[in-house]
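Work through the following exercises with the predicted model at hand. Each task is followed by a solution that proceeds step by step.

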Amino acid sequence: MATTADVVILGGGCAGLALARELALRRHGLSTVVLEPRTGYAEDRTWCFWARHDEPLRFPSRGQWASWQISAGNQVRTHAARDWRYHWISSADYYADAAMVIGASEQVELCLGVRADEVIVRDDIGEVSTSAGPVTGRWIIDTRPPTQDWLVQAPVAQLFSGVEVETAGDVFEPEIVTLMGDLRAVDGGVAFDYILPLSPRRALVEHTVLTSQPHDPALLDGPCDALVADLCGREVKVLRREHGWLPMGLPRPRHSPGPVVRAGTPGGAIRPSSGYAFRRIQTWAARCADALVDRDEPLAGPPDPPARSLMDRIFLRAFTRDAGGAPDDFSRMAGALDGDGFARFMSDEARGTDWARVVASLPKIRYLTAAAGALRPGSAQGSP
């Protein structure tokens, strides 16, 4: 393992590997080392995102869908997109692809089994204490997951427990993704079912909760297993399980001058109002790699445009003040947009007409009250 490098990436997860992979694909003289505490990768995540049907993808997609569904009570909204597709990226494919690209590069080194600890800056050089000894770098890109103390600062947490299952008979509708099924208010939050149909007999099934009182996602295993039993009966094989805690509206760290840059979840990768991050991370990684190669300076995750940031704060404030109204809000928003409009909205590419339809669909008094709070001086993303 190199003990000094131009670029030191802390964390070899989604964001860290994305940047390392982009650097490995470019011609430059920057030495790069990635420090990842895991000794090996397993299929522990599922990443999904929307992309235009003719858009080239950086990674192989295992599945894509043009239709998805949102339901609350007796209302079922089904979208059929013309220009956009919902994609599924397996973490196993993602890790393997990144490792292959990085392994073919003479400039980028992936070091597994190395835990990064404290970062100290001396004379504009970052020194990282690690389990394998100190590593220094001109630039330190910190993509490590937030600590528990940091996670709980987000006003809303999206928690989920999911299992990939295989059934003996045809159970799933392979053409339609259930994005938010059976939306309902529970214990001051919102619960819904997520079903990603990989085939008529195979799917990822998740029980998800949006809450301002987060807890261990493993506590959702029981409701998830009950959902699987209800959908599939007893003849089902569990292939793997995954959990997640997505902070929505996580306060971004204050900018600190020097060589340390925050990226990934701590750098604002997760969209505060939706929890989606994969597409945003890939966009940042490509731009950051370009900035390093062209200007010898990394790019932190850019803040959202003021208008979108304000709308996200309003949504989070409305949710924390009255989560019971959220199922109807989600249903209204889904009903206000067609499939392509919904995909644009969820992919940070909403048009003015998309925003206008969403705003017109929501309860006026509740959201005007939330907007007044969000516009108060000192109101911040993480403080609704």
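**Exercise 1.** Determine which helices the buried residues of H10 pack against, and on which side of H10 these residues lie.

*Solution.* Begin with the partners: the buried residues of H10 pack against H6 and helix H7 (326–336). Next, list the residues concerned, taking buried to mean under 20% relative accessible area: they are Arg366, Tyr367, Ala370, Ala371, Gly373 and Ala374. Because these residues cover an arc of only 160 degrees around the axis, they fall on the same side of H10. Finally, turn to the face of H10 directed away from that buried side, where the exposed residues Ile365 and Leu368 are found.

**Exercise 2.** Describe the packing of H6 and H10 by the angle and the approach of their axes, and then by the residues in contact.

*Solution.* First take the geometry: the axes of helix H6 (residues 306–321) and helix H10 (residues 364–374) come within 8 Å and cross at roughly 115 degrees, and the crossing is right-handed. Then identify the residues that make the contact, which on H6 include Leu310, Ile314 and Phe315, and on H10 include Tyr367, Thr369 and Gly373. Sorted by character, the residues of this contact comprise eight nonpolar, two polar and four charged.

**Exercise 3.** Place these helices in the context of the whole protein chain, asking how many helices and strands there are.

*Solution.* Count the elements, which gives ten helices and 17 strands in the protein chain. Then compare the radius of gyration, 21 Å, with the 21 Å that the globule rule gives for 384 residues; the two values are close, so the chain is as compact as a globular protein of that length. Lastly, consider burial, for which 52% of the 384 residues qualify.

Key: Residues are numbered from 1 along each chain as its sequence is written. This is a predicted model: local features need pLDDT of at least 70, side-chain atom pairs count only at pLDDT 80 or more; totals for chains, interfaces and linings use all residues. Side-chain values use heavy atoms; hydrogens and water are left out. Axes are lines fitted to C-alpha atoms, for helices over the stretch in contact, and angles run from 0 to 180 degrees between N-to-C directions. Helices (H or I, at least four residues) and strands (E, at least two) are DSSP runs, numbered from the N terminus. A crossing is left-handed if the near helix is turned anticlockwise from the far one by less than a right angle, and right-handed if clockwise. Contact means heavy atoms within 4.5 Å. Ala, Val, Leu, Ile, Met, Phe, Trp, Tyr, Cys and Pro count as nonpolar, Asp, Glu, Lys and Arg as charged, and the others, Gly among them, as polar. Buried means under 20% relative accessible area, exposed over 50%, partly exposed in between (1.4 Å probe, protein chains only). The arc is that of the directions from the helix axis to the C-beta atoms. The radius of gyration is taken over C-alpha atoms; the globule rule is 2.2 Å times the number of residues to the power 0.38.
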